[in-house]
Amino acid sequence: MPEAAGFLAAASTPHGLITLLVFAVSLVLFISGWLAPELTGLLAVALLVSFGVLDPQQAVKGFGSPALITLMGLFALSAGLFRSGGVDRLRAILGSESVRTPRRMILLLVAVVSPLSGFIPNTPIVATLLPVLENWCHRRGISPSKVMLPMSFAVVIGGTITLLGTSTNLLASDVSRQLGYGGIDLFDFTPIGLPIWLLGALYMVVVGDRLLPDRGQDDDLMAAMAKQGYFTDVLIPPGSELVGQSLHNSRLQRRFDVDVLELHRGSQSFGSPLADLELQAGDRMLLRCRKEDLLRLQQESTIALAPVAGQAMPQQQAGQTMRLVEVLLPAGSSIAGSSVRELRFRQRYNATLVAVRRGRDVIRDLLGRVVLQPGDVLLIQAPIDTIRGLQNRNDLVLLDELEKDLPTTSRKGIAIGICIAVILLPMLQVLDLMASVLFGVVLMVVTGCLRPGELQRAIRWDVILLLGSIVCFSVAMQSTGLARGLAVDLLQSLQGWPNYLVLMVVFLLAQLFTETLTNGATVVLLIPIATELAKGLALPPMAFIYAILFAASLSFLTPIGYQCNLMVMGPGRYRFFDMTRYGAPLTIGLTLLTPWLICRHFGL
């Protein structure tokens with residue numbers, strides 16, 4: 001590498017200092033979650049343009065990239081595949097009666113689901129399989145904590161097999177192309193990804209579920225309701241048999257397993273003892289009751305679910321079937337960060353929110369004030385038609401299976417054929433990958449596998465906004481000389497080191513960024529630095545790009561770095577360090593193996 005200023009010299013320039021300050025602010029926002037990640041990315045773009053570090057064309061370069069367009073198409077393709085029943089066979093295999101133990105389920109996950117995730121974005125796979133695994137755990141009496149994290153790990157590892165596996169891969173390819181090293185083809189890093197998949201599969205099958213906690217099923221909202229009951233707000237409607245009676249004389253506690261914990265009448269509040277208090281129409285009570293009792297009392301018009309303060313309760317239409325179901329708030333949901341009252345949850349979804357679970361905690365009262373967070377599990381009551389509609393939304397993931405409510409599967413073969421063609425045409429160099437994906441999207445809609453409205457809802461706009469905006473960091477690192485300056489300093493420290501150890505340092509640095517930031521931010525920040533370091537060491541820049549790509553994709557220590565891990569935290573009832581304990585041995589093994597595979601692949 002020619003003589004060049006180091007990192008401190010680049011950071012002392014006005015534009016270099018501004019870039020570092022913007023990055024520091026973004027880092028705090030990413031970690032704290034005060035702003036949604038995509039909003040943090042957009043804020044970074046605005047600041048870098050406002051202070052003159054980048055011009056508008058440079059700052060929004062990421063939004064016009066082939067990688068981002070390809071990713072949008074992949075979201076639509078996967079939606080068409082799932083909606084047409086293209087993965088019904090997979091769901092049937094995982095839900096089979098022959099799968100009786102967590103170890104056998106883990107074997108199926110790594111052998112079947114993991115390779116599939118090399119060709120389909122991993123978030124839709126996790127969203128589709130969550131209810132299948134929850135239902136399996138319920139039937140077998142097995143704690144969801146024994147299989148949820150292995151499912152996420154299997155999907156994440158499988159995503160490193162081909163370019164289509166994750167948005168991180170596509171973003172790395174785009175950054176590489178922008179830096180002048182060319183894009184990455186569909187199967188370019190498959191010789192490295194396959195051994196990584198095999199090591200991960202071997203680890204999860206051998207270790208099984210021994211490093212995973214057994215949280216039981218008592219913390220499941222539906223199971224808790226059956227055993228110890230829900231805490232929920234109800235109203236005494238006009239005409240209820242409870243009007244004019246005391247709790248002591250009513251059948252509410254004599255014939256049903258119901259406890260009245262609080263009673264509110266206008267501005268008055270009553271606590272225990274409540275047995276002799278005469279009940280009136282409009283009284284609001286905080287009950288603890290079982291699911292069966294709650295539904296029975298509702299059907300008999302003895303009680304009615306209370307609305308969130310200030311919101312009306314729509315009337316159930318004749319012939320509507322009501323169901324209690326669980327839904328998950330996934331990472332990137334548009335309603336995260338808002339309170340139930342602000343969202344007007346009842347009007348927005350035509351559903352009554354009954355309870356919220358956050359980790360091991362069940363939030364049982366004052367639901368209107370609850371600020372929803374990614375990973376929350378909500379228990380809602382809604383008409384069956386409303387619940388069917390939730391299957392088409394990105395802001396909530398249905399955790400209960402509605403097998404009979406899946407769309408028609410008459411176009412299953414067409415959807416599978418389209419997806420196979422999308423993969424084969426670029427592999428045979430007949431079409432560019434982006435063009436092939438876009439053709440596939442059009443065919444999905446034209447053939448009826450996907451409706452136009454579903455096409456728009458299938459695209460994860462939060463992911464698109466985040467990936468498109470954070471590319472500005474890569475451009476700024478290059479234009480301000482920060483990337484080159486940091487590479488100069490690293491070169492002085494690593495000069496004379498074996499190639500394997502240099503790649504291991506780069507891999508470890510990228511892993512550290514991934515576990516504290518996001519995988520996309522890791523790629524755009526570190527690839528420019530790593531390629532400058534590679535040039536200084538007279539090594540192939542693509543080898544260092546691969547090291548960043550794999551490190552950013554293989555996140556197994558915290559739920560922060562990868563949204564699949566965050567999605568299973570709630571349903572699996574995990575605590576933060578459960579993932580660290582299960583993922584640490586795998587991370588150590590991959591840190592030793594991946595740099596060696598890259599060295600072997602590039603002949604270093």
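# Notebook: salt bridges, a helix and a surface patch

I began with K535 and E532, whose side chains meet in a salt bridge at 3.4 Å, N to O. I note at the outset that the model is predicted.

**Entry 1. K535 and E532.** I looked up where the two residues sit and found them three residues apart in helix α24 (residues 519–536), and therefore separated by about one helical turn. An α-helix has 3.6 residues a turn, so residues three or four places apart point the same way. I then checked the accessibility of each partner. K535 is partly exposed at 43% relative accessibility, whereas E532 has a relative accessible area of 8% and is buried. I recorded E532 as buried because the cut-off for that class is under 20% relative accessible area.

**Entry 2. The number of salt bridges.** I asked how many salt bridges the structure holds. The total is four. I followed up two further pairs, R177 with D174 and D578 with R581.

**Entry 3. R177 and D174.** The closest N and O atoms of this salt bridge are 2.5 Å apart. I located both residues in helix α10, three residues apart, which means a separation of about one helical turn. R177 is partly exposed, with a relative accessible area of 38%. D174 is buried at 1% relative accessibility.

**Entry 4. D578 and R581.** Here I read 3.1 Å between the closest N and O atoms of the salt bridge. The two residues belong to helix α27 (residues 576–602), where they are three residues apart, about one turn of the helix. Is D578 buried or exposed? I found D578 buried, with a relative accessible area of 4%. R581 is partly exposed, its relative accessible area being 41%.

**Entry 5. T168.** I returned to helix α10, which spans residues 167–178 and contains T168. T168 counts as buried, with 2% relative accessibility. I next asked which residues T168 is in contact with, leaving aside its neighbours within four places in sequence. The contacts are N519, V523, L549, A552, S553 and Y562.

**Entry 6. Helix α8.** I examined helix α8, residues 122–140, and obtained 26 Å from its first C-alpha to its last. This span is close to the 27 Å expected for its 19 residues at 1.5 Å a residue. I nevertheless noted a kink of about 30° at L129, shortly before the proline P131. Of the 19 residues of α8, 14 are buried, so the helix is largely enclosed by the rest of the structure. Just after α8, I recorded a positive phi of about 70° at G141.

**Entry 7. Surface patch.** I turned to the surface and listed a nonpolar patch formed by I416, I420, L424, M427, L428 and V430. Together these residues have about 520 Å² of accessible area. I looked up V430 individually and placed it in the loop between α18 (412–427) and α19 (433–446). V430 is exposed, with a relative accessible area of 53%, because the exposed class begins over 50%.

**Entry 8. The protein as a whole.** I closed with the totals. The secondary structure comprises 27 helices and ten strands. Of the 604 residues, 55% are buried. Among contacts with a separation of 6 or more, 79% are between residues 24 or more positions apart. I entered the accessible surface as about 24100 Å², with 59% of it belonging to carbon and sulfur atoms.

Notes:
Residues numbered from 1 in each chain as written. Predicted model: local features only at pLDDT ≥ 70, side-chain atom pairs only at ≥ 80, totals over all residues. Heavy atoms only, no water. Patch = residues over 30% accessible without salt bridge, like charges linked within 9 Å, V, L, I, M, F, W, Y side chains within 5 Å. Areas by Shrake-Rupley, 256 points an atom, 1.4 Å probe, with all protein chains shown as cover. Helix = DSSP H or I, 4+ residues; strand = E, 2+ residues; numbered from the N terminus. Buried < 20%, exposed > 50% of the residue type's maximum accessible area, 1.4 Å probe, protein only. Contact = heavy atoms within 4.5 Å. Expected span 1.5 Å × (residues − 1). Bend = angle between axes of the 7 residues up to and from the residue.
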